[in-house]
Amino acid sequence: MSHYPQARFLLSVSGLDQLARALPEEGREVAVAGRSNAGKSSAINAITERRALARSSKTPGRTQLLNFFELAQGQRLVDLPGYGYAKVSAEVQAGWGQLIGGYLETRECLVGLVLIVDSRRGLSEDDHGLLAWAQVRNLPVRILLSKSDKLNRAEGQKILQQTARDLPPCATAQLFSAQARLGVEEARDALENMLAPAAGNE
Ligand code: GDP
């Protein structure tokens, strides 16, 4: 049984005007970000237990868009375009940055981020940029150090400690593997904590 039986793809947007028209600021959104190939789709699938969800974002034409999913009523997941893909031009990269940056800066119902970072690579400059945005807005960030099945225990602990040392106060990190299903529950709990309004807050 899926953890989110009601989960469904809502829409993709290419600009913030379109977003404001299509999805007014209601409910709560958590955005999932990461470098291309970091394992973002696999992480979304593992956490939601809905294989078709992240596949929707990989549909040709949607990879450079913001893809919105409803997990439950008033709770959305936003799959941000993967950044740092070497084969696209600097101009296209700048366009992505503007879209992602604009979204992170202005979207009021955005309550947190999940950042997927390949555990063998560690935090990139782009990841640090994203963390800086989050810190400015005081948004909680859960970093998933992905593909951790490729590391042994000591290597995993080392990268976890190294990553944790570099983080702004808004962020926390954990090891994660979609393939070996490591840290999936922990990641889902972190997501739920961001999406579910704390009792008495609303
Ligand atoms: P995205 O581009 O960030 O959405 O990444 P994908 O989820 O498509 O994964 C990119 C590649 O990494 C694919 O070849 C996946 O099979 C692989 N991958 C993703 N998650 C894991 C994992 O937990 N362990 C291992 N070993 N490989 C993974």
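In which sense do strand S5 and S6 pair, and over how many bridges? In this predicted model, strand S5 (residues 110–118) and S6 run parallel and are joined over six bridges; two strands count as paired if DSSP finds at least two bridges between them. Helices (H or I, at least four residues) and strands (E, at least two) are DSSP runs, numbered from the N terminus. Residues are numbered from 1 along each chain as its sequence is written, and side-chain values use heavy atoms, with hydrogens and water left out. Because the model is predicted, local features need pLDDT of at least 70 and side-chain atom pairs count only at pLDDT 80 or more, while totals for chains, interfaces and linings use all residues.

A closer look at S6 comes next. Within the pairing with S5, Ser146 of S6 is the bridge partner of Asp118. The chain reaches S6 from S5 by way of helix H5 (residues 125–137), and this β-α-β crossover is right-handed; that is, with the strands pointing away from the viewer, the path from the first strand over the helix to the second runs clockwise. S6 also pairs in the parallel sense with strand S7 (residues 171–175), over five bridges, and here Ile143 stands opposite Ala173. Helix H6 (residues 153–165) completes another right-handed β-α-β unit with S6 and S7.

Strand S6 (residues 141–146) is mostly covered, with six of its six residues buried, where buried means under 20% relative accessible area, exposed over 50% and partly exposed in between (1.4 Å probe, protein chains only). In a regular strand the side chains alternate between the two faces of the sheet. On one side of S6 lie Val141, Ile143 and Leu145, on the other Arg142, Leu144 and Ser146, and both faces are covered.

The wider sheet gives these pairings their setting. Seven strands form an open sheet of mixed pairing, in the order S1-S3-S4-S2-S5-S6-S7. Strand S1 (8–13) and S7 are the edge strands, each pairing on one side only. Neighbouring strands are turned by 25 degrees against each other on average, direction ignored; axes are lines fitted to C-alpha atoms, for helices over the stretch in contact, and angles run from 0 to 180 degrees between N-to-C directions. Strand S2 (residues 28–34) and strand S4 (residues 75–79) run parallel and are joined by five bridges, with Val32 opposite Asp79. Helix H3 (residues 51–58) packs on the sheet, touching S1, S3 and S4, and its direction makes about 165 degrees with that of S3. H5 packs on the sheet as well, touching S2, S5, S6 and S7, at about 160 degrees to the direction of S5.

Glu70 lies in strand S3 (residues 66–72) and counts as buried because its relative accessibility is 18%. Apart from neighbours within four places in sequence, Glu70 is in contact with Gln6, Ala7, Arg8, Leu10, Gln75 and Arg76, contact meaning heavy atoms within 4.5 Å.

For the chain overall, the secondary structure comes to seven helices and seven strands. Of the 202 residues, 50% count as buried. The radius of gyration, taken over C-alpha atoms, is 16 Å, which agrees with the value near 17 Å for a compact globule of 202 residues; the globule rule is 2.2 Å times the number of residues to the power 0.38.
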